Amino acid sequence: MSDDLKSVLSFEHYIVESVDFKVNLKFEKKSKVDVTFDLKRNVEYDEKSRVGVVSVTTTLFDEFQEKNYPFYMQIKVIGYFKIETSKHDPVDLLRVNAVAILFPYIRALVSTYTAGANIQPLILPAINVNNLQ
């Protein structure tokens, strides 16, 4: 691989810290359920070791009973990253790129968990991480 394609950010590993899942036993099926989810991230970076730790918490169908959603789910995933160079602001680099790397794992967890719960499997839509606040 040429050096201009190589990323300064290395993804070391991730861990699922927590999953909270509750089924709405009173859910009344509609023709279509609009997927609502919230995504929050926390970025920590150690300048000396050049290690970044990014946690991403995704909450699906908050107020699930009040709004007649099929379930409530909150997942927290923590990713560990190494940054090779400090040419870029490491926190800015992690804010966007770490979420882009971790979100597919969150999507897979949601679809696997909902399928395993014997409810309609949910596949989260792709997101534009550049537009996250």
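The exercises below, each with a worked solution, concern a predicted model of a protein.

**Exercise 1.** Determine which elements the protein has and in what order they run from the N terminus.

*Solution.* Begin with the inventory, which comes to 1 helix and 4 strands. Then follow the chain from the N terminus on, where the elements run β-β-β-β-α.

**Exercise 2.** Describe the extent of the C-alpha trace, the surface that the protein exposes and the share of its residues that count as buried.

*Solution.* Along the principal axes, the C-alpha trace spans about 55 × 25 × 25 Å. Turning to the surface, the protein exposes about 8,500 Å², of which carbon and sulfur atoms supply 48%. Finally, of the 133 residues in the protein, 32% count as buried.

**Exercise 3.** Work out whether Thr 57 is buried or exposed, and place this residue in its strand and among its contacts.

*Solution.* First locate Thr 57, which is found in strand 3, a strand made up of residues 51–60. Next compare its accessibility with the cut-off: buried means under 20% relative accessible area, and Thr 57 therefore counts as buried, because its relative accessibility is 18%. Last, set aside the neighbours within four places in sequence, and Thr 57 is in contact with Asp 38, Leu 39 and Lys 40, as well as with Gln 74, Ile 75 and Lys 76.

**Exercise 4.** State what share of the contacts between residues at least 6 apart in sequence joins residues at least 24 apart, and how far apart the mean positions of the positive and negative charges are.

*Solution.* Among those contacts, 68% join residues at least 24 apart. For the charges, take the 16 positive and the 17 negative ones as two groups, whose mean positions are 3 Å apart.

Methods
Residues are numbered from 1 along each chain as its sequence is written. This is a predicted model: local features need pLDDT of at least 70, side-chain atom pairs count only at pLDDT 80 or more; totals for chains, interfaces and linings use all residues. Side-chain values use heavy atoms; hydrogens and water are left out. Helices (H or I, at least four residues) and strands (E, at least two) are DSSP runs, numbered from the N terminus. Buried means under 20% relative accessible area, exposed over 50%, partly exposed in between (1.4 Å probe, protein chains only). Contact means heavy atoms within 4.5 Å. Accessible areas come from the Shrake-Rupley method with a 1.4 Å probe; for residues, only the protein chains shown count as cover. Lys and Arg count as positive and Asp and Glu as negative; His and the chain ends are not counted. The place of a charge is taken as NZ of Lys, CZ of Arg, CG of Asp or CD of Glu.
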